[in-house]
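Grab a pencil and open your viewer. Here are a few exercises to work through, each with a solution.

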4 protein chains.
Amino acid sequence: MATAPVGPRNETRSDEGSILQEKGAATELAPRAMRADALKNHEKILRAAEETFASEGVAVPIDVVAQRAGVGVGTLYRHFPTKEALFEAIVVSRLQKIQAALDSHTNDPDPGDAFFSFMREFAQQVNEKRDLFDALTLAGIDIKAQYADQLAVIMEQTDRLRQQAVLRDEIRADASTEDVVNLIMGTCHAAGQSGDDESGIFHLIDIIIAGLRPTA
Amino acid sequence: MATAPVGPRNETRSDEGSILQEKGAATELAPRAMRADALKNHEKILRAAEETFASEGVAVPIDVVAQRAGVGVGTLYRHFPTKEALFEAIVVSRLQKIQAALDSHTNDPDPGDAFFSFMREFAQQVNEKRDLFDALTLAGIDIKAQYADQLAVIMEQTDRLRQQAVLRDEIRADASTEDVVNLIMGTCHAAGQSGDDESGIFHLIDIIIAGLRPTA
Amino acid sequence: MATAPVGPRNETRSDEGSILQEKGAATELAPRAMRADALKNHEKILRAAEETFASEGVAVPIDVVAQRAGVGVGTLYRHFPTKEALFEAIVVSRLQKIQAALDSHTNDPDPGDAFFSFMREFAQQVNEKRDLFDALTLAGIDIKAQYADQLAVIMEQTDRLRQQAVLRDEIRADASTEDVVNLIMGTCHAAGQSGDDESGIFHLIDIIIAGLRPTA
Amino acid sequence: MATAPVGPRNETRSDEGSILQEKGAATELAPRAMRADALKNHEKILRAAEETFASEGVAVPIDVVAQRAGVGVGTLYRHFPTKEALFEAIVVSRLQKIQAALDSHTNDPDPGDAFFSFMREFAQQVNEKRDLFDALTLAGIDIKAQYADQLAVIMEQTDRLRQQAVLRDEIRADASTEDVVNLIMGTCHAAGQSGDDESGIFHLIDIIIAGLRPTA
DNA sequence: TATGAATGAGCATTCATTCAT
DNA sequence: TATGAATGAATGCTCATTCAT
């Protein structure tokens with residue numbers, strides 16, 4: 001929700017699970033031009049915010065974000081009425097990416113592979129903007145609570161994957177999806193702080209995967 | 001050690017120029033009393049800070065910490081000249097606890113048991129003040145860098161434990177001590193945010209331990 | 001020069017990525033208006049600071065200055081990022097006035113008259129904001145060191161005047177320009193503290209001038 | 001007044017014009033010992049304050065003064081109940097020194113020499129603790145107002161000297177004693193800030209003296 | 001009585017947010 | 001509509017002064 005521009009009203013938000021759709025049917029003219037500009041700013045700001053928060057921490061003055069986005073503070077505030085709103089928009093955009101990664105596995109033949117692949121992709125996503133996630137969490141953004149709906153979809157889908165893998169005995173049954181998510185996120189967090197690169201993280205993920213295999 | 005009070009430095013006052021100081025009588029008592037008082041405040045503040053930072057985040061005004069400790073801001077600043085100094089003192093005090101846990105295992109007969117036991121105790125420690133750790137890290141306290149010495153001792157000792165376990169084939173050889181530490185800390189972090197209690201964390205730690213067993 | 005507003009930097013915005021900017025119409029008016037406003041505040045603050053520091057001493061809370069200027073603290077800080085920066089801006093603006101007085105004498109026919117006239121004008125300038133000068137100096141603003149360049153120009157020009165007067169035997173040769181400056185500034189300082197008005201100061205300056213005449 | 005210890009009550013203060021008298025008739029024993037100690041502290045603090053204020057400015061925390069004096073803050077406050085009281089005590093002690101210099105000239109045969117000599121000695125005194133004087137003045141210590149009585153004595157005596165010199169036609173008649181005092185103090189102030197040493201100041205004083213000679 | 005720990009009002013400065021242009 | 005100047009509440013920290021030991 002928060003990702004959508006504030007000014008323009010007529011968006012058809014119902015495409016959950018889709019990443020920023022390309023297919024924009026820009027029909028009219030005068031208002032469209034404005035619209036495009038606004039959207040562009042919206043994105044610019046969002047990206048600038050991600051980068052800035054990730055590198056400087058969430059404590060950075062909003063002005064810095066605006067500057068990095070190349071807009072005035074006023075403009076930033078037009079798009080995101082609050083610093084917190086910016087945080088939320090970022091989280092949502094991240095969740096969408098994760099959702100996309102998940103979607104790409106729904107039709108995989110081998111559930112075990114699918115699950116472990118997703119685990120790695122998930123780790124990749126988390127790792128990519130690791131500091132950002134931490135920062136947001138510490139900033140009091142309770143992702144769990146505020147994005148319950150979208151998380152529920154993700155968790156549910158992930159759990160389907162897991163259950164199928166359990167059925168085929170590719171994963172021990174006593175590890176819940178939430179357990180797995182925690183293990184991955186935590187590992188990314190710690191590895192990131194430890195300065196590990198992606199391969200280092202994959203090594204840790206492999207240890208976790210080993211731990212998830214059914215015990216003989 | 002950095003935890004020691006800043007103010008009261010009990011150097012024997014050089015009493016230059018003072019007449020009539022015949023009996024060096026009150027050498028053991030009078031100054032000690034003051035010291036005790038100050039120490040008490042020192043501890044009170046440290047504990048209040050731990051609690052407050054953990055529950056409210058490191059962004060809390062220092063006044064809140066002072067209030068919680070039941071002292072004035074000035075007193076707090078007398079003991080910890082900077083907010084950051086408070087952070088550091090907390091970290092140090094935590095590290096000391098971990099070191100203690102580690103020490104209790106140095107003479108254990110079975111290295112595998114010792115290592116896994118310490119893993120659980122470490123997790124316990126980290127979990128106990130989980131938010132605090134996160135908060136500190138996010139606050140820019142680079143524990144790795146600033147407490148390199150003390151960490152080195154801990155890591156080294158831990159590594160000795162691990163190596164012995166590896167020799168007895170109780171742990172896979174390709175998991176470094178740093179890997180293990182990351183896995184634990186991260187897991188605690190994530191589990192904590194997920195609202196897991198200690199048993200939940202132990203469950204996750206068990207999965208990790210399973211992943212650390214030598215692959216058949 | 002350092003007096004120029006910090007905030008508004010009128011570089012022609014590079015307008016990267018902005019669509020629909022057909023007519024570069026409002027090039028002269030809109031931005032200028034803002035500028036004028038900011039400049040006005042800049043001056044208001046500078047003047048308020050001069051007055052406030054002079055009457056209350058440099059120890060006044062910055063809020064008082066802001067209040068006197070009729071702006072919020074934030075605004076003050078936007079223009080002068082530091083209390084010290086305010087001090088410096090004041091000094092610079094004073095130096096500029098003195099330089100102006102000096103310039104008005106560069107083409108005077110009689111060097112003796114020119115020199116003594118400038119002495120009186122200089123005294124006038126110093127006296128006008130006497131407390132301010134003192135306050136700044138006491139505040140640790142080392143004018144000599146920090147504005148060496150501008151002072152050098154002033155001193156050099158003044159010295160030219162003096163040398164010409166010496167050549168015409170209108171001034172004793174053993175009094176350096178620095179001596180004269182010291183005599184004037186000091187006298188203003190003391191007379192000011194003594195509650196003397198301008199005529200009182202001129203009387204003292206006349207005594208000094210008498211002392212500067214060549215000894216028969 | 002403020003110079004006298006606060007605690008002990010039975011001082012016979014009436015010796016105006018005397019510098020710290022050496023002739024202490026310490027008769028009794030127990031209380032005397034205390035008294036001596038207290039007096040010593042009093043002096044130690046006063047001297048430490050002079051030095052500290054002169055070198056660091058009057059803004060220094062009182063603790064610094066106490067430390068330099070080698071006593072606790074509490075002790076300092078026992079002797080001088082307020083920072084301002086310390087300022088005043090310093091001023092008084094300075095005035096006493098000046099008074100002493102003046103006294104040494106009351107019986108001089110040549111009034112012109114006496115006057116000019118005193119001018120130089122006065123300059124010396126002022127110069128010695130120049131920063132201190134400035135600092136005190138800036139700190140809001142209105143010497144003129146607060147020590148009117150003692151100043152009056154000094155001014156009066158100085159004026160007697162001056163009048164005699166005027167009568168002998170050694171000084172122009174239109175320069176009041178206050179003028180002279182202002183010229184000297186101001187010159188010391190400025191010369192001091194300019195980094196001049198005592199000889200530099202004497203040079204300036206000589207210029208002033210030249211200006212004070214009767215105009216032919 | 002000397003000490004220095006405790007106190008808390010006070011101050012410089014920052015930054016989220018509003019609003020005139 | 002975009003801009004950035006203005007706002008002022010909030011925060012870290014200092015320091016004169018008091019008071020328990």
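The exercises below deal with a predicted model, starting with two of its chains and moving on to a DNA strand.

**Exercise 1.** Work out how chain B is related to chain A.

*Solution.* Start by superposing chain B on chain A: that takes a rotation of 179° with 0.1 Å of shift along its axis, and the RMSD is 0.2 Å. The two copies are thus related as by a two-fold rotation axis. Next, look at the interface residues: 97% of those of chain B are also interface residues in chain A, so the copies meet through the same surface.

**Exercise 2.** Find which residues are closest to DNA strand E, and which part of the strand they meet.

*Solution.* First, the surroundings: 34 residues are around DNA strand E, and the closest are A:Ile62, B:Asn41, B:Thr75, B:Arg78 and D:Thr75. Now take the strand's own atoms that come within 4 Å of the protein: 68% of them belong to sugar and phosphate.

Then go through some phosphate oxygens of DNA strand E:

- B:Thr75 has a polar side-chain atom 2.6 Å from one.
- C:Tyr77 places a side-chain N or O atom 2.7 Å from one.
- D:Gly72 uses a backbone N or O atom, at 3.2 Å.

**Exercise 3.** Say which elements give two or more residues to the surface near DNA strand E, and sort that surface by class.

*Solution.* Helix H3 (73-79) of chains A, B, C and D makes the list, together with helix H1 (30-56) of chain B. The largest share, five residues, comes from H3(B). Sorting by class gives 17 nonpolar, 12 polar and five charged residues.

Methods: Residues numbered from 1 in each chain as written. Chains lettered and ligands numbered in written order. Predicted model: local features only at pLDDT ≥ 70, side-chain atom pairs only at ≥ 80, totals over all residues. Heavy atoms only, no water. Least-squares fit on C-alpha atoms with pLDDT ≥ 70 in both. Contact = heavy atoms within 4.5 Å. Near = heavy atom within 4 Å. Polar contact = N/O pair within 3.5 Å; in protein donor to acceptor, adjacent residues only side chain to side chain. Helix = DSSP H or I, 4+ residues; strand = E, 2+ residues; numbered from the N terminus. Nonpolar A, V, L, I, M, F, W, Y, C, P; charged D, E, K, R; others polar.
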